[in-house]
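Visitor: Could you take me through one part of this model in close detail, and then set it against the interior around it?

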Amino acid sequence: MSGNKSALPFTLLWSAVTLLGAGAIGGIALHRGETINSMWLLVAAVCVYALGYRFYSAFIAAKVLMLDGSRATPAERFNDGQDFMPTHKWVVFGHHFAAIAGPGPLIGPTLAAQFGYLPGTLWILIGAVLGGCVQDFVTLFFSIRRDGRSLGQMAKDELGVIGGSAAMLGVMMIMIILIAVLGLVVVNAMKHSPWATATVAATIPIAVLMGLYLHQLRPGRVLETSLIGVSLLILSVIGGGWLDASPDLRGWFDFDAKQLAVMVIVYGFAAAVLPVWLLLAPRDYLSTFMKLGTISALAFSIILLRPELKMPALTQFIDGSGPIFGGKLFPFVFITIACGAISGFHALISSGTTPKLLANETDARFIGYGAMMMESFVAIMAMIAATVLEPGVYFAINSPAGIVGKEAAVAAATISGWGFPVSAEQMQQLAQTMGETSLFARTGGAPSLAVGMASLFSRVFGQDLLAVWYHFAIMFEALFILTTLDAGTRVARFMLQDMLGNFSPGLGKTGSYPGILLSSAAVVCGWGYFLYMGTIDPLGGINSLWPLFGIANQMLAAIALCVATTILVKTGKLKYVWVTAVPLSWLILVTSCAAWEKLFASDLRIGFLAHAADLSDKLARGLLADEQLSNASRLIFNDYLNAGLTALFLLIIWLLLADTLRVIYCVLSGKNFPQSSETPHIPSRLVEDWVRD
């Protein structure tokens, strides 16, 4: 009886959480009134995440993966004080979250809000618990069991040369697209905004100063360095406003998109070749404070204010006619929110630095499943911040001039005609209060998210500082994005050097400067091309590049789940293979449908080939205006290049799926197959009982 009594409070507690979560989700799904309170979304998220972590992740840890705390991890066995080093789980959690929490959970939900708040919210909640968290968790675990190997290497070991080579090529190409889109988001946030440009630019010398201070001037003084860095960041926001108000100085930081793209490209190259302690590490460290602090402040503001969502649950744009990007609700909402629900980029981190730091295998659940859950919560808050704006304002900021018109009055009339009232005067007043000259056609999601965040922060921390909060939010988003951009460039450089090392051993050495310069230049030129092309796209670049980014990122997640599914079958876990096979099947369906539409859709705003053919026809018939004529050839070539990449990604994922099914068939039928590369069990000396003995 005592056992039943002790279990009763537990049962009642989780029953209450289940009922509360079900009620909140039901309220979100069924509500069709004028507005809905944002607390419904927060309550639903907290309940779903609590249930997912407590029960589903525990099931995977105990039954599917069977975590073993007595087993020595790679961090213990290969401890070299540099790459491999046993680290406290909270420190590893912070590192892992900072590494995976790029712009995706901020920008994806913001862009997907054109469909309404409901589809994106449901996908974030369900996709994270059943897909994203599972992918991060199992990838981290399998890498730990394989000496901390990378995703590409695990694919080669478990699937063989064909599948492994396809995975490595896919990962490399996907990284190029991912970095290009991140750069485009930053560029669109800073163009013709001296305040934002000056503030973001100031973070580079601040990071260099922190690196020099910590490693040369005052070695080991982490607290001093942190205080200096955070203080200078705050001053850079205030100083940017002062500079913007100066007629003589603001012109120094007023650049168009193409000029900013070149600057971002130069920065990316510098971040890839400079010593990691001088720029990359201090910037990442600095951004961690900004991420955690700003996210906490945003959550506090939402809870305190409980704002109403102004965006309807569903908009008329679910039919594919959306102004921000073309495409129907299915499949495009699932690739637009590429990180808040599931992200293939996370698999690179889960099989990169993180498995080399875990001191105990059982920590994989907390770090792999838990950190992704926190990122998903960030995506929910981003959805709230975007949808508390008036819909007319939201669409005015995010819709490209090629869709709504270049003149403010024309754009406002077009958007109002959709049923979302907004006026040119209203947008001008908003721009002035935010310290900008204009907020029309600032595609990319970052500016509208910054407006939403600033409106919440100003109501809590000071209404008179609205412009400061807006540019603080822009800096916060830019730090999020540039952290992933510079780290991604460096990771891509390592990957390329590994490939080049097969042909020339000297180029494969990470300490060889000729190899560093050559591989860095190749990587930066790759993503720099797509970034620059995005700046001359009349539809803002995001219309074509963000869906391509989403497809690529979700296909990378499918690669990780292919490897995980294969390993489960090889290790005798066939009855649990649905844990990875279900999200894998969904991703294959979604990405294949999205890729097919991007290739062959007749809608000019969706199909790459249709747009190229239309532009070629107009060019041949002399129907293009002078400003279109100069870029027409580039845009046509870019369409065909995007189509080629989409086809390549589609081919790679289906080739990998076929190879996965081949290996599984061989395992089940008793034929020859690549044996599991899992390392033998070695007892840990870090376990307390072992130490006592």
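Guide: What follows looks at one helix, then at the nonpolar core and at an enclosed space. The model is a predicted one, and the part chosen is helix 19, which covers residues 424-433. Within helix 19, Met427, Leu430 and Ala431 are buried. Viewed down the axis of helix 19, these buried residues fall within an arc of 100°, so they line one face of the helix. Their packing partners are helix 16 (391-398) and helix 20 (446-461), while Gly435, with a positive phi near 80°, follows helix 19.

Met427 leads on to the core, since the largest nonpolar core has 205 residues, and Met427 is among those that touch the most other members, together with Leu65, Phe142, Ile380, Leu439 and Trp527. Helix 23 (residues 542-570) gives the largest share of this core, 19 residues. Leaving aside residues up to four places away in sequence, Leu65 touches Ile60, Phe137, Val138, Phe141, Phe142, Arg145 and Lys573. A second, separate core has eight residues, including Leu624, Ala632, Leu635 and Ile636.

As for empty space, a search of the whole structure finds five cavities of 30 Å³ or more, and the second largest cavity has a volume of about 70 Å³. Its lining includes Ile100, Leu178, Cys339, Phe345, Thr484 and Phe549, and the elements that give two or more residues to that lining are helix 5 (104-112) and helix 8 (161-190). The lining of the second largest cavity divides into eight nonpolar and three polar residues, with no charged ones.

Key:
Residues are numbered from 1 along each chain as its sequence is written. This is a predicted model: local features need pLDDT of at least 70, side-chain atom pairs count only at pLDDT 80 or more; totals for chains, interfaces and linings use all residues. Side-chain values use heavy atoms; hydrogens and water are left out. Buried means under 20% relative accessible area, exposed over 50%, partly exposed in between (1.4 Å probe, protein chains only). Helices (H or I, at least four residues) and strands (E, at least two) are DSSP runs, numbered from the N terminus. The arc is that of the directions from the helix axis to the C-beta atoms. Contact means heavy atoms within 4.5 Å. On a 1 Å grid over the protein atoms alone, a cavity is a set of points where a 1.4 Å probe fits but cannot get out, and a pocket is an open set with protein on both sides within 12 Å along at least five of seven lines; lining residues have an atom within 4 Å of a point. Grid points are joined across faces, edges and corners, and a volume is the space filled by probe spheres set on the points. Ala, Val, Leu, Ile, Met, Phe, Trp, Tyr, Cys and Pro count as nonpolar, Asp, Glu, Lys and Arg as charged, and the others, Gly among them, as polar. A nonpolar core is a set of buried Ala, Val, Leu, Ile, Met, Phe, Trp, Tyr and Cys residues joined through side-chain atoms within 4.5 Å.
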